[in-house]
Structure formats: structure tokens, C-alpha cells
Amino acid sequence: MHLAPLLYLIFFLSGASALVFETLWFFQAGLALGNSIWASSLVLASFMAGLALGNGWVSFRGDRLRRPIRLYAGLELVIAITGTGIVFSLPAITPTLAPWLGPLLDQPLPLNLLRTSVGFALMLIPATAMGATLPLLVSALYQEQKRFGQALGGLYGWNTLGAVCGVLTAEILLIEYFGIRGTALVAAAGNTIAALLSLAVDRL
């Protein structure tokens, strides 16, 4: 059985969920830090740093990974749990840190650095898992096709298409009808479905 169509579907769902989560993190970071360059920088920096770390980790360990699809499934569950947790917890960062933030109220630079450092650390976990997903599936598909460029291009293309569909659906439909937290649960469901499908594919 050819893996490509199934892996494309799985990575489409993964891309949709990833960009929905990123959109929600922008909303929640705005509540935690104010709608400012600090909030935007926090989300973008953690997202890109996580992608780089995850990709680098898989590249370093790639020759030791015997069942990349099974590991991929686990990472999708990590993204579902931690991505949703961040959406629920980000607005509470400032109140939780209030005892430490109080003395810094007249010092905006260290105040914002402290808040962004905590948010950055939280978002780095799911972002790193996201960064590891592409090389894992490329590795699995390459083992079947033996065509690296086709495996990478196909997966990246379907993931990007999923991301576009996910963010548009969130902005136009999901957030309006389900709210921020409800939309996070929808995104988590997408990751969970991708994980379950991956486990099914791993058994083929």
C-alpha cells in the first residue's frame, strides 16, 4: 500500500491545527502582554525557534529512528495537549507573576522581558514538536519512495495548504462560533486525529 496519500492527509491536518494554534497564541499573547510588538515578537520568536530546534533534533537523531511514524504520532499528541494548555494559560501569566511584576511596574523593559520569557518557554514546547514533524514524515516517506525531493515537496505542500485552510477557517468561522478556547479544542482534535491515523499507518 502506498503511504503518500495517507501521509499527505495526516500532514494536511497537522498544518491546519498548527496555524490555528499560532493564531490563538497571537490572541492570547495580546491579553498577556498587550497588543504590542512584544506579543507579536513572542509568538513569532518561539514558533520559529521551536521549528528550528525540532528540525535540528530529528536531523541529528535521524539515523537512530527506526519507526518515525510512531514518534510522529506521539509528537502530534504533545502538540494537542501543550498547544491547548497554552491557549488556556497565557492570559493568566500576568496575574500569576504579579508578586514579581509589582516592583517592575516603573521599568517596562525588564517587566516585558520577564513576561515574554515565561511565554516563550511555554510556547517553545509545542513549537519544537511541530518542527520535528516534517523531517519525521519525510524520513518515513523516503523509505518507501526513495525520492527525497518528491517526499519533501509533497509533504510540505500539503502541510502548507492545511495551514492556509486552518487559519482561514479559524478567522472566518471557528473563533466566532466556538470562541478562543473552543477553537483550541478543535485544533487539538485535528492533532489527535492525525496521531491516530499515524498509528494506523505505522501498523500497515
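## How the labels are earned

Colleague: How much surface does the protein expose, and what share do carbon and sulfur atoms supply?
Modeller: The protein exposes about 10,200 Å². Carbon and sulfur atoms supply 71% of that area. The areas come from the Shrake-Rupley method with a 1.4 Å probe; for residues, only the protein chains shown count as cover. This is a predicted model, where local features need pLDDT of at least 70, side-chain atom pairs count only at pLDDT 80 or more, and totals for chains, interfaces and linings use all residues. Residues are numbered from 1 along each chain as its sequence is written, and side-chain values use heavy atoms, with hydrogens and water left out.

Colleague: How many helices and strands are there?
Modeller: Seven helices and zero strands. The pattern along the sequence is α-α-α-α-α-α-α. Helices are DSSP runs of H or I with at least four residues, strands are runs of E with at least two, and numbering starts at the N terminus.

Colleague: Why are α3 and α7 called roughly antiparallel?
Modeller: The axes of helix α3 (residues 68–89) and helix α7 (residues 148–202) cross at roughly 170 degrees. Roughly antiparallel means over 145 degrees (under 35 is roughly parallel, 65 to 115 roughly perpendicular, the rest oblique). So α3 and α7 earn the label. Their axes come within 8 Å. The residues of this contact divide into 16 nonpolar, four polar and four charged.

Colleague: What makes Asp-202 and Arg-67 a salt bridge?
Modeller: Their closest N and O atoms are 2.7 Å apart. The cut-off asks for a side-chain nitrogen of Lys or Arg within 4 Å of a carboxyl oxygen of Asp or Glu. So this pair qualifies. Asp-202 sits in helix α7 and Arg-67 in the loop between α2 (37–61) and α3, 135 residues apart.

Colleague: Why is Asp-202 called buried or exposed?
Modeller: Its relative accessible area is 15%. Buried means under 20%, exposed over 50%, and partly exposed in between (1.4 Å probe, protein chains only). Asp-202 is therefore buried. Arg-67, at 41%, is partly exposed. Across the protein, buried residues make up 45% of the 204 residues.

Colleague: Which residue in helix α3 does Asp-202 pair with?
Modeller: Arg-70. Asp-202 and Arg-70 meet in a salt bridge at 3.4 Å, N to O. Asp-202 lies in α7 and Arg-70 in α3, so the pair ties together parts 132 residues apart in sequence. Arg-70 is partly exposed, at 44% relative accessible area.

Colleague: What joins Arg-67, Arg-70 and Asp-202 into one network?
Modeller: Salt bridges that share partners. The structure holds two salt bridges.

How values were computed: Axes fitted to C-alpha atoms, helices over the stretch in contact; angles between N-to-C directions. Nonpolar A, V, L, I, M, F, W, Y, C, P; charged D, E, K, R; others polar.
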